[in-house]
Structures are given as structure tokens and as C-alpha cells.
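The report below walks through one protein chain, from a single loop residue to the overall fold, and is meant to be read with the coordinates open.

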Amino acid sequence: MKQITAIIKPFKLDEVREALGQVGVSGLTVTEVKGFGRQRGHTELYRGAEYVVDFLPKVKVEVVVADEALDAAIEAIIGAAKTGRIGDGKIFVTSVEQVIRIRTGEVDNEAI
């Protein structure tokens, strides 16, 4: 099993959720986060004063999938989240050793 963590632009969340649903991903976790990469933030004007916004709002989407569903899930995220502009985000893939559903005690692929 693999955990996919995708950092995406907030307005792309609904598209990513729908795309993952179409490839069979039944559950995900979403967290509002802030950060920056190559964008390095931007400058804004507020009440006549200019200030730098270092951390940009992003959304972190986390899903756990079976190994055989990994490529389809990654392609779904890329297809839905890509705008072609800087700041589209990143995808991280890590191994998951065990998953246990608390309510039923199911483990691994049955618990996903």
C-alpha cells in the first residue's frame, strides 16, 4: 500500500476529489496548509502599505491506495490539479506498512 500526499491549489480541490473518485479512491483527508516553493510568495497592497505574503494557501490531500491503484491515482491528481503555471504543487508517495479500520478491525487492503 502507498500513501499519496498531494499539495495543490485550493480551487482545484473539487476537481481532484472527483478525479480520484472516478478511479476508485473511496476516501481522502484534506487539510488547509500554507507554504511556498519556487513561487517565493508575492507582494500585496493593503491600506496603502505594501507587504510580502511569504506563505501561500494550499490544500494537502492524503489518500492511501493499493499498490496496483497507485499509477491511476497519481494520473488522476495530475490531470485534475495541473494548470501549467508555477505553484501547481507536488505529489509525495510513501509506503504504508499497515492499515487498520478501527470500527471493524479490518486490516490492509480491506481497511482502505
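Is Lys9 buried or exposed? In this predicted model, Lys9 has a relative accessibility of 13% and therefore counts as buried, since the cut-off for that class is under 20%. Lys9 is located in the loop between β1 and α1, and, once residues up to four places away in sequence are set aside, Lys9 touches Lys58, Thr83, Arg85, Ile86, Gly87 and Asp88.

**Overall fold**

The protein's secondary structure consists of two helices and six strands, which follow one another along the sequence in the pattern β-α-β-β-β-β-α-β. The radius of gyration is 17 Å, well over the 13 Å given by the globule rule for 112 residues, so the protein is more spread out than a compact globule. Along the principal axes, the C-alpha trace spans about 60 × 30 × 20 Å. Buried residues account for 29% of the 112 residues. Of the contacts with a separation of 6 or more, 72% are between residues 24 or more positions apart.

**The sheet and its helices**

Four strands form an open sheet in the order β2-β5-β1-β6, and their pairing is antiparallel. The edges of this sheet are β2 (29-35) and β6 (89-95), and because each of them has a single partner strand, one side of each is left without a neighbour in the sheet. From one strand to the next, the twist averages 20°. Strands of a sheet pair through backbone hydrogen bonds, and the pairing can be parallel or antiparallel. Between β1 and β6, which run antiparallel, there are seven bridges; in one of the residue pairings between these strands, Ile8 has Gly89 of β6 as its bridge partner.

Both helices can be described by how they meet the strands. Helix α1 lies across β1, β2 and β5, and runs at about 10° to β5. Helix α2 packs on the sheet as well, where α2 touches β1, β5 and β6, and the direction of α2 makes about 5° with that of β1.

**The nonpolar core**

How many residues does the largest nonpolar core have? This core has 18 residues, and those with the most contacts inside it are Ile4, Ile8, Val16, Leu20, Val63 and Val65. At least two core residues are supplied by each of β1 (2-8), α1 (13-22), β5 (56-65) and α2 (70-81), and the largest share, seven residues, comes from α2. Val65 can serve as an example of the surroundings of a core residue: leaving aside neighbours within four places in sequence, Val65 is in contact with Met1, Lys2, Ile4, Val25, Leu70, Ala73 and Ile112.

**Salt bridges**

The count of salt bridges comes to four, and the table gives three examples, including the separation of their N and O atoms.

| Basic residue | Acidic residue | N to O distance |
|---|---|---|
| Lys12 | Glu15 | 3.2 Å |
| Arg17 | Asp14 | 3.7 Å |
| Arg101 | Glu106 | 2.8 Å |

The salt bridge of Lys12 with Glu15 joins residues of unlike accessibility class: Lys12 counts as buried at 10% relative accessibility, whereas Glu15 is partly exposed, with a relative accessible area of 38%. Arg17 and Asp14 both lie in helix α1, three residues apart, which is about one turn of the helix. Arg17 is partly exposed at 43% relative accessibility, and Asp14 is likewise partly exposed, at 47%. In the salt bridge of Arg101 with Glu106, Arg101 has a relative accessible area of 28% and is partly exposed, and Glu106 also counts as partly exposed, at 32% relative accessibility.

**The segment after β6**

Where is Glu110 found? Glu110 lies in the segment after β6 and counts as exposed, because its relative accessibility of 52% is over the 50% that marks this class. The C-alpha atoms of Glu110 and Leu28 are separated by 16 Å, and these two residues are 82 residues apart along the chain.

Notes. Residues are numbered from 1 along each chain as its sequence is written. This is a predicted model: local features need pLDDT of at least 70, side-chain atom pairs count only at pLDDT 80 or more; totals for chains, interfaces and linings use all residues. Side-chain values use heavy atoms; hydrogens and water are left out. A nonpolar core is a set of buried Ala, Val, Leu, Ile, Met, Phe, Trp, Tyr and Cys residues joined through side-chain atoms within 4.5 Å. Buried means under 20% relative accessible area, exposed over 50%, partly exposed in between (1.4 Å probe, protein chains only). Contact means heavy atoms within 4.5 Å. A salt bridge is a side-chain nitrogen of Lys or Arg within 4 Å of a carboxyl oxygen of Asp or Glu. Two strands pair if DSSP finds at least two bridges between them. Axes are lines fitted to C-alpha atoms, for helices over the stretch in contact, and angles run from 0 to 180 degrees between N-to-C directions. The radius of gyration is taken over C-alpha atoms; the globule rule is 2.2 Å times the number of residues to the power 0.38.
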